[in-house]
Amino acid sequence: MLLISCPNCGSRDETEFHYGGQAHVPYPENPNELNDREWAEFLFYRDNTKGVFAERWLHSTGCRQWFNMLRDTVSYDIQAVYPMGTPRPAAAAAAAESGTASLAADSTTTGSAGPSTSATSIAETSTNASSTTAPEGATK
Amino acid sequence: MSADLLPEHPDFLWRNPEPKSSYDAVIVGGGGHGLATAYYLAKNHGMTNIVVLEKGWLAGGNMARNTTIIRSNYLWDESAAIYEHALKLWEILPEELEYDFLFSQRGVMNLAHTLGDVRESIRRVGANKLNGVDAEWLEPDQVKELCPILNISDNIRYPVMGATYQPRAGIAKHDHVAWAFARKCDELGVDIIQNCEVTGFLKDGNRVVGVKTNRGTINTEKVGLCAAGHSSVLAEMAGFRLPIQSHPLQALVSELHEPVHPTVVMSNHVHVYVSQAHKGELVMGAGVDSYNGYGQRGSFHVIENQMAAAVELFPIFARAHVLRTWGGIVDTTLDASPIVGTTPVENMFVNCGWGTGGFKGTPAAGLTFAHTIATGAPHKLNKPFALERFETGALIDEHGAAAVAH
Ligand SMILES: Cc1cc2nc3c(=O)[nH]c(=O)nc-3n(C[C@H](O)[C@H](O)[C@H](O)COP(=O)(O)OP(=O)(O)OC[C@H]3O[C@@H](n4cnc5c(N)ncnc54)[C@H](O)[C@@H]3O)c2cc1C
Ligand SMILES: [Zn+2]
């Protein structure tokens with residue numbers, strides 16, 4: 001079971017949360033102009049990253065707020081928790097590209113006690129920030 | 001039941017050749033689906049200069065991890081057709097492959113616990129009958145007659161209000177199925193290479209012309225992906241996307257018991273499914289973990305829920321011990337139906353998205369996928385399961401009949 005650090009409530013068991021899939025998938029800006037292929041992409045196609053993945057979680061039996069999380073889909077290490085609407089912390093994108101599940105010593109927020117509403121410490125340490133996900137600032 | 005004893009495990013079922021520098025077709029993934037595809041490519045289409053590449057050991061992925069339930073009582077015409085075709089193949093395969101993999105048609109019950117379940121189940125029985133799939137609706141006392149250890153009292157949280165029953169459904173020894181296919185593939189000249197991971201693709205324009213592996217480059221005219229949990233990783237290497245999400249799914253077994261559980265019981269609502277293996281273990285599965293995952297393990301709270309449901313339905317299980325648990329990585333789609341067909345890359349074909357229920361489909365997946373690879377066109381049974389359906393909207397929504405929530 002994952003121990004997830006809700007930005008509002010602190011660390012709680014995974015069973016209190018609801019998984020919301022890939023983060024940063026914006027609603028189409030001009031829906032009327034989308035063709036069938038583009039609608040299919042928006043409705044059915046999501047990244048299925050092996051490595052560090054940006055995803056949404058809902059603290060359903062706690063504060064009932066959505067937030068974003070960077071989690072390694074191989075080791076299940078949680079690397080960052082950050083608010084909806086803020087960009088994906090950059091360092092973990094580099095980790096994802098290296099394709100490994102290994103983590104920097106300071107890169108996990110799992111079990112950290114205090115609630116926090118900002119992206120966690122790894123955000124600024126990036127040397128390779130090219131993220132593969134959708135436009136930043138996309139929410140919900 | 002054909003035999004109570006397991007067949008001897010022969011020492012050598014297939015050769016372990018070195019990979020050649022070129023093949024007419026490369027099948028990626030040595031699980032049941034990859035092996036069945038290679039078998040039908042050789043048998044039905046005369047393609048024998050082909051290879052199955054497996055990154056680990058033969059059939060060590062989901063093929064070795066599933067709960068081995070085989071049935072064809074799906075709701076929609078397209079699914080009923082392909083799964084029923086698979087079931088008909090299961091019925092003749094032990095003889096055809098000359099290998100007894102203990103296919104046991106002991107019947108499968110899908111329990112109903114709410115009025116909604118009851119209505120949906122009776123609808124499914126009707127749909128099954130119209131599609132030539134054997135199906136019956138059972139009242140609680142008939143359920144009890146078939147599986148006496150089931151608790152049908154009405155004072156539990158989710159009482160058994162009846163069940164659908166497919167008498168021809170059952171279980172088979174999954175390892176032996178893989179070995180049976182592998183041995184026949186080998187006899188037909190197919191190379192099976194273990195510890196050979198595909199790490200990239202060679203393309204000429206938009207056409208695939210080879211695969212890169214940790215054991216060198218292999219040129220080929222055609223590539224068939226049968227990589228279950230890793231399909232989207234391979235698709236990404238090839239330059240296209242799949243509407244697939246990979247999730248951990250786990251199962252567990254008890255220690256050996258006297259025969260107590262004569263059939264297969266599944267419950268989608270309280271979420272447990274149980275059969276008793278030939279040797280005597282109680283084999284149980286549950287739902288997928290909610291999040292994406294590539295780790296071959298699952299969450300403990302899923303087991304807790306599954307055990308709670310199992311003990312309420314089968315009070316005598318309360319004293320059984322769990323012997324071991326394990327996980328697989330299943331590749332799910334949004335309509336809970338597989339994807340079998342062509343891809344945006346020329347000469348590259350994909351068989352994936354069987355999610356939590358692809359073991360039962362193994363022979364039909366292999367047969368239809370082989371047809372697609374050999375001819376470049378869909379077989380009539382896999383045509384509806386093309387990737388295009390996510391664009392056309394012709395989805396085959398089998399969530400209700402998939403039996404595992406995902
Ligand atoms: C716990 C559990 C219970 C299940 N219960 C049932 C059930 O009761 N009934 C049912 O019908 N289905 C069930 N399933 C689903 C079923 O197991 C799968 O749908 C089916 O096995 C998928 O096809 P496969 O056998 O070819 O996949 P796999 O056996 O997973 O084969 C894919 C292979 O590809 C290999 N591979 C991946 N990447 C590469 C690469 N880059 N290079 C080379 N090789 C690669 C993998 O190592 C793997 O061996 C269950 C699954 C699980 C996990
Ligand atoms: Zn909270």
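**Exercises on ligand 1 and its surroundings in chain B**

In this predicted model, a polar backbone atom of B:G358 lies 2.8 Å from an oxygen atom of ligand 1.

**Exercise 1.** Work out how much of the accessible area of ligand 1 is covered by the protein, and which elements give two or more residues to the shell around it.

*Solution.* Begin with the ligand on its own, which has 990 Å² of accessible area, and note that the protein covers 96% of that area. Then turn to the elements of chain B: α1 (32–45), β12 (245–256) and β16 (322–332) are those that give two or more residues to the shell, and β12(B) gives the most, with three residues.

**Exercise 2.** Describe the residues that surround ligand 1, and identify polar contacts to its oxygen atoms from B:E54 and B:N62.

*Solution.* The ligand is surrounded by 36 residues, the closest being B:E54, B:N62, B:M63, B:T67 and B:K360. By class, the shell divides into 15 nonpolar, 16 polar and five charged residues. For B:E54, a side-chain N or O atom is 2.6 Å from an oxygen atom of ligand 1, whereas for B:N62 a backbone N or O atom is 2.8 Å from an oxygen atom of the ligand.

**Exercise 3.** Determine how α1(B) is arranged relative to α8(B).

*Solution.* The axes of α1(B) and α8(B), the latter spanning residues 362–375, come within 7 Å and cross at roughly 55°. The two helices are therefore oblique to each other. Finally, the crossing in which α1(B) passes α8(B) is right-handed.

Notes. Residues are numbered from 1 along each chain as its sequence is written. Chains are lettered from A and ligands numbered from 1 in the order in which they are written. This is a predicted model: local features need pLDDT of at least 70, side-chain atom pairs count only at pLDDT 80 or more; totals for chains, interfaces and linings use all residues. Side-chain values use heavy atoms; hydrogens and water are left out. A residue is near a molecule or strand if one of its heavy atoms lies within 4 Å of it. A polar contact is a pair of N or O atoms within 3.5 Å; within protein, one must be able to donate a hydrogen and the other to accept it, and residues adjacent in sequence count only if both atoms are side-chain atoms. Accessible areas come from the Shrake-Rupley method with a 1.4 Å probe; for residues, only the protein chains shown count as cover. Helices (H or I, at least four residues) and strands (E, at least two) are DSSP runs, numbered from the N terminus. Ala, Val, Leu, Ile, Met, Phe, Trp, Tyr, Cys and Pro count as nonpolar, Asp, Glu, Lys and Arg as charged, and the others, Gly among them, as polar. Axes are lines fitted to C-alpha atoms, for helices over the stretch in contact, and angles run from 0 to 180 degrees between N-to-C directions. Angles under 35 degrees count as roughly parallel, over 145 as roughly antiparallel, 65 to 115 as roughly perpendicular and the rest as oblique. A crossing is left-handed if the near helix is turned anticlockwise from the far one by less than a right angle, and right-handed if clockwise.
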